[in-house]
Structure formats: structure tokens, C-alpha cells
Amino acid sequence: MSIILQQQSEKITEKIPSLLLMANKVAAAILQGLHGKKRSGIGEAFWQFRQYQLGDSPRHIDWRKSAKTESLYIKEKEWSVTQTIWLWCDVSDSMNYHSLIKLPSKKERAQLILLALAILFARSGEKIALLGSSFKPNIGRYAVHNIAKELMNYKNNQLDLFSNLSKNSQVILIGDFLQDLNDLEKECQVLANKNIKVYLIQIIDPVEEELPFEGRIQFQDMEQDKKVMFERVQSIREQYQKKFYSHRAQIQQLAQKWGWDFLIHRTDHRPEMILLTLYQQFTDHYKI
């Protein structure tokens, strides 16, 4: 190994403990909020009764319990089916953007959320793995450490990695999703064809939503050597925001078409809320 490669490797490795520490703190906050709660799902052990709701399958009605009251009751069971959770985050150059020094880059926040999710799922007994990783899905701390290790030098930025996904697999994709929508649809169509549940998390810097600049501003494409100058950037703000939210709405439509979940996170917001929302949506997907 050359001296330059060794130095790069050491620099990357140094980041692992701090990222793991932050991810553990975030995951611990979520677990504290969920402490003492069980997850309902497809299992054998009885958890609780709850009232029948529109959309529940009649075959899950407990007729003995219902006969004692004037309401219909569902018999819920504890979660017991082990899932395989595949995680992916965008590491393209555009993800390195952050508008303020105090804010993390989109890439840094995506990595933090991904690793915190890995910790949460590992503690829940699920198998986890990084899409495109050389490590196979595994459980526990070993799997988390493998993901953290590969995440520091993650180069796989393509979504055509789904040939090995099996039944009971779930996929969580984290990125800004600001690429051409036709390209995004083509990349995700493979997953849609497999009928696999997918969660999209869009990571956005607040400036990308608001375009709060005034006056003469030059913008540079972080992935191509292109620059654009605006003399009065505020004059295009309304047009820009209209296009930005239209792009997001189209992603939402794609997700709805395939039965996927689409969540949004700004880097000026705390990561705990998006993690809690996603974790709850994940478990709710398996309620009987």
C-alpha cells in the first residue's frame, strides 16, 4: 500500500468511532421513547386486544372476546418474523453540500441516519446490510460495525444492486433525489417489479428549499464544472421553488404508485424525528 493510500485509509478509519458514537446517541434517544413498547406483527405470542378498525382482516377477529362486549376485537400478536433490511445512501458530490458551517452536509446527515437505523434494527433482531457491500446481511453489533466500516469509504452510488434481494427484504434509500426523474424511475423500477417494500428519505439543505439569497449570486454544479450567475437571484425565487416542489411532488407520486413510503428531512432539523417516524412506519407496515 502506498503512503498516500495508507494515509487516506487511516483518515477514513478515524471517523468510524465518532460516527458510531453519534449514531448510538441518536438511536438511544429513539429507543428510550419506545421503551417498554412491543411491536405487533406476524407472530405466535399474544400481545393485546384492540378494537376492530376499517381495513382489518375479519379473520383476525377474536369472536370469544367480541362476544363479551358490543364491539369487535382484533387479537394482536408480537412481531416475530426476522426481516432483512438493506440500507443505501447517496454519496455523489452533490451530497457534500451544506449552506452553513454549523450545518452538516447532506452526506454526513445521510450517513448518520443510516447508521442509527442500522443500530435500531440490529437491536430489534433484524438482519441488516449495506447495498453494494461485500458483507452479507447479519444481526447484532457485528453487522453494525461492518456497515460503519464500509460506509466510511462507500463508493457505490448506483441503485442497480437488487438482484440478490429476497422475500422479507426491506430497502431504505437515503439521498437528495434531485437527479433527473426519468433516471430515478428507471433505477427504482427494478425494486418495484420485485414488489419489495421501500422507504425513500429525502435529505435536503434548507437553502435548497428556500433559496433565501439576495443580489448577485453565482451557483456552481457540484457534480459538473458548470457555473451560472444571477444578477438578482431573488427574481427567480418563486420560479425556482415552484420547480423544486414540483420535482418533490413527482417523487411522492412515484412512491405512492409503488406503495412506498416517502419521507423528508432537512439538515437544520434534528435527526431523531425522521428516525422515529420511519421506525414507526416500518413496524406499522407489519401490523396484522
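Buried means a relative accessible area under 20%, exposed means over 50%, and partly exposed lies in between, with a 1.4 Å probe and protein chains only. The structure is a predicted model, in which local features need pLDDT of at least 70 and side-chain atom pairs count only at pLDDT 80 or more, while totals for chains, interfaces and linings use all residues. Residues are numbered from 1 along each chain as its sequence is written, and side-chain values use heavy atoms, with hydrogens and water left out.

**Exercise 1. Describe the aromatic pairs, and state for W258 and W260 whether each is buried or exposed.**

Solution. Rings of Phe, Tyr and Trp (for Trp, the six-membered ring) pair if their centres lie within 6.5 Å, and planes under 30 degrees apart count as stacked, over 60 as edge-to-face and the rest as tilted. A search of the whole structure returns six aromatic pairs. One of these joins F213 and F219, with 6.0 Å from centre to centre and 65 degrees between the planes, and is edge-to-face. The rings of W258 and W260 have centres 4.7 Å apart and planes at 50 degrees, so this pair is tilted. W258 has a relative accessible area of 18% and is therefore buried; W260, at 5%, is buried as well. F213 is partly exposed, at 27%, and F219 is partly exposed, also at 27%. F213 and F219 belong with F230 to one aromatic cluster.

**Exercise 2. Characterise helix 3 and its part in the largest nonpolar core.**

Solution. Helices (H or I, at least four residues) and strands (E, at least two) are DSSP runs, numbered from the N terminus; by this assignment the protein has eight helices and nine strands. A nonpolar core is a set of buried Ala, Val, Leu, Ile, Met, Phe, Trp, Tyr and Cys residues joined through side-chain atoms within 4.5 Å. The largest such core holds 65 residues, and I172, L173 and I174 have the most contacts inside it. Helix 3 (residues 106–123) supplies the largest share of this core, namely 12 residues.

The next step is the geometry of the helix, whose expected span is 1.5 Å times one less than its number of residues. For the 18 residues of helix 3 this gives 26 Å, and the end C-alpha atoms are 26 Å apart, which agrees. Of these 18 residues 15 are buried, so helix 3 is largely enclosed by the rest of the structure. Helix 3 is followed by G125, whose phi is positive, near 90 degrees.

**Exercise 3. Which residues do I174, H265 and N24 touch, leaving aside residues up to four places away in sequence?**

Solution. Contact means heavy atoms within 4.5 Å. I174 touches W88, C89, D90, A110, I113, L114, L117, I201 and I203. H265, which lies in strand 9 (residues 261–266), touches R109, I113, Q202, I203, I204, R270, P271 and I274; H265 is buried, with a relative accessible area of 3%. N24, placed in helix 1 (residues 3–33), is in contact with I119 and R123. N24 is partly exposed, at 28%, and its C-alpha atom is separated by 9.6 Å from that of L117, 93 residues apart along the chain.

**Exercise 4. Where do F177 and L211 lie, and what is the sign of phi in each?**

Solution. Most residues other than glycine have a negative phi. F177, in the loop between strand 5 (169–175) and helix 5 (181–193), has a positive phi near 50 degrees, and at 2% relative accessibility F177 counts as buried. L211, in the loop between helix 6 (206–210) and strand 7 (217–220), has a positive phi of about 45 degrees, and L211 is buried at 5%.

**Exercise 5. Which elements have the lowest and the highest mean pLDDT?**

Solution. pLDDT is the predictor's confidence in each residue, from 0 to 100. The mean for the protein is 80, with 77% of its residues reaching 70 or more. Among the elements, strand 1 (residues 40–51) has the lowest mean, 53, and strand 9 the highest, 96. Over residues 1–13 pLDDT stays under 50, and the model has three contacts beyond four places in sequence for this stretch. Over residues 35–44 pLDDT is also below 50, and this stretch has 32 contacts beyond near neighbours in sequence.
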